[in-house]
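Biologist: Please take a close look at the pockets for me, and follow the helices around them. I'm a first-year student, so go one step at a time.

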Amino acid sequence: MVVNVNEYYENIQNNYLFVEIARRVEKYQEENPDADLIKMGIGDVTKPLVKSVIKAFHNAVDEMADADKFRGYGPEQGYDFLIEDVIENDFKPLGIELKNSEVFISDGAKCDTGNFQELFSQDNIIAVTDPVYPVYVDSNVMAGRSGKPTDDGFYENIVYLPCTAENNFVPELPKEDVDIIYLCYPNNPTGTTLTKDQLKVWVDYAHEKNALILFDAAYEAFISTENVPHSIYEIEGAKEVAVEFRSYSKTAGFTGTRCGYCVVPEEVYVKNSKGEDVQLNPLWNRRQSTKFNGASYPVQRAAQAIYTDEGKKEIRENLDYYLENAKVIRDSLEKIGLEVYGGVDSPYIWFKTPDDIDSWTFFDILLDQANVVSTPGAGFGPSGEGYIRLTAFNTYEKTVEAMERIKELKF
Ligand code: PLP
C-alpha cells in the first residue's frame, strides 16, 4: 500500500508570517520581560459580543435544552429567519433584490472564499491583487491551479495585480486573459477601497471576457465614505458576473463565534467541458449540501440579533470605536511624515516605511524601539514589501500610547 499525498500541497509556500511574528515577539519578550508590548498586528477584534447578540445566543441555547424547541440538523444553506434579515437589511436598502435561494449562510468567509474555487476546472487562470489575503492563493495552490512557486515569491500560473502607492492601490486590468478574479474591498491588508466607477471597470471586464469576480466584502461594515460600494451588486451588471462573500467576524465580533454568508445570484453562469452554460447557484448548493451541515442554530440566532434596532446600534458603537482608533493611527503617522493609506473605511492602516527600509527590518524597529507589534507588508505578497500594516483592534488608550511611542522614534 502506498498513500500518495496531494502533490499540490508540496507547492504551498509556507506562509510563516504570523508564526515568524510570534517567534520574534516571544524572543523579544524573553529578553525584555518588563517590556509592555502593544499588539497591533493580528486582525482580530478585541471587543466582546454586544448585549443583544448575547441575549439571542442565550435564548437559542435555552431552546436547545427544551424538548419542544430543540433543533437538530438545520438547512445546509442556513435558516430562512437569518437569510430574510440579510436580504432586508444588507441588500434591500442598497436597491438590490435577492431571493432566499441566492444567500448561503456559512461558518465564515474564510471557508467560503477558500472553498469556492472547488467549483471550477483546474485550467482556469486566477488573478489576485498583490498584496493579498493569503487564503485565495493557497486554496488555489492546493487545488493544483497555481503551478510552481517562483524564486521571487509568486506562483507561475497565477496572475498578480500589483496594488501599491504608485497606482493608488487601484489594480490595473490584466494584460493576459484571466478567468477568475478575487477582489477584496475594503481591502485586507491595505485598507483601501474602490469607488463605484473603479469597481465598474472590473464588472465590465468580467462581462467582456466571460470572467467571474469573487468579491470579498468582509470589511463592508467599516465603509463610511460615500460612493464606496457596500456590495458589488450596486454595480450594474454585477449579478451576472460576481459572487459576494460577507462575514460577521469584524462586523459584529464573530471571529470566535463563526458566521458569515455568500451570495450566488441565479444569473451567474459558467461553462461545462462541452462549452454549454451551467448555472453556478445550484453547483454551490450541491457542494454545500454535500460538505457542509450548516452553521449552528444558536449562532444563526445570535447573528440575526445584529439586525434588530438595538443590535444595529450596539455594533455601530463598536465599529465606530475601531474607526476612531484607525483615525488616531492615521493622523499620528501622517503627522510624523509617513505615507499612510487605508484606515478610513477599514480597520487596517497601511504605511510606507521611511527611507525604503524593508518590511521586516521596520517591524523589528517598531518592536525593539516602540514595543509595538505590527505586520510586515511583505508577508502579504511581493508588492507588500516596504509597507507595514497596523490594526485598529486595540483599546483607544493603547492605540494612543502606541502612537506616542512611534512619534519618539528616530529613523
Ligand atoms: N476575508 C478577509 C479579507 C479577511 O481578512 C478575513 C479575516 O481576517 C476573512 C475573510 C475571514 O473571515 P471569517 O472570520 O468570516 O472566516
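Modeller: One bit of vocabulary before we start: Ala, Val, Leu, Ile, Met, Phe, Trp, Tyr, Cys and Pro count as nonpolar, Asp, Glu, Lys and Arg count as charged, and the others, Gly among them, count as polar. Also keep in mind that this is a predicted model.

Let's begin with the second largest pocket. It holds about 600 Å³ of space. Its lining is made up of 25 residues, and N124, N210, Y269, V270 and K271 are the closest to its centre. Helix α6 (196–209) and strands β9 (269–271) and β10 (277–279) are the elements that each give two or more residues to that lining. Sort the lining by class and you get twelve nonpolar, six polar and seven charged residues.

Stay with α6 for a moment. K209, in this helix, pairs up with D177, which sits in the loop between β4 (158–162) and β5 (180–184), so the pair links distant parts of the chain, 32 residues apart. Their side chains meet in a salt bridge, at 3.4 Å from N to O. How open are the two partners? D177 counts as exposed because its relative accessibility is 53% and the cut-off for exposed is over 50%. K209, at 32%, is partly exposed.

Now for the largest pocket, with about 740 Å³ of space. It has 30 lining residues, and K110, Y133, V135, N188 and K250 lie nearest its centre. Four helices each give two or more residues to this lining: α1 (17–31), α4 (109–115), α5 (134–142) and α7 (249–252). Which of them gives the most? That's α5, with five residues. By class, the lining has 15 nonpolar, eight polar and seven charged residues.

Helix α1 has some salt bridges worth a look too. E20 bridges to R23, with the closest N and O atoms 2.9 Å apart, and also to R24, at 2.7 Å. R23 lies three residues from E20, about one turn of the helix. R24 is four residues from E20 in α1, so about one helical turn separates these two as well. E20 is buried, with a relative accessible area of 18%, while R23 is partly exposed at 45%. Add D364 and you have a network: E20, R23, R24 and D364 are linked by salt bridges. For the whole model, the count comes to 22 salt bridges.

Terms used: Residues numbered from 1 in each chain as written. Predicted model: local features only at pLDDT ≥ 70, side-chain atom pairs only at ≥ 80, totals over all residues. Heavy atoms only, no water. 1 Å grid on protein atoms, 1.4 Å probe; cavity = no way out; pocket = protein on both sides within 12 Å on 5 of 7 lines; lining within 4 Å. Points joined across faces, edges and corners; volume = space filled by probe spheres on them. Salt bridge = Lys/Arg side-chain N within 4 Å of Asp/Glu carboxyl O. Buried < 20%, exposed > 50% of the residue type's maximum accessible area, 1.4 Å probe, protein only.
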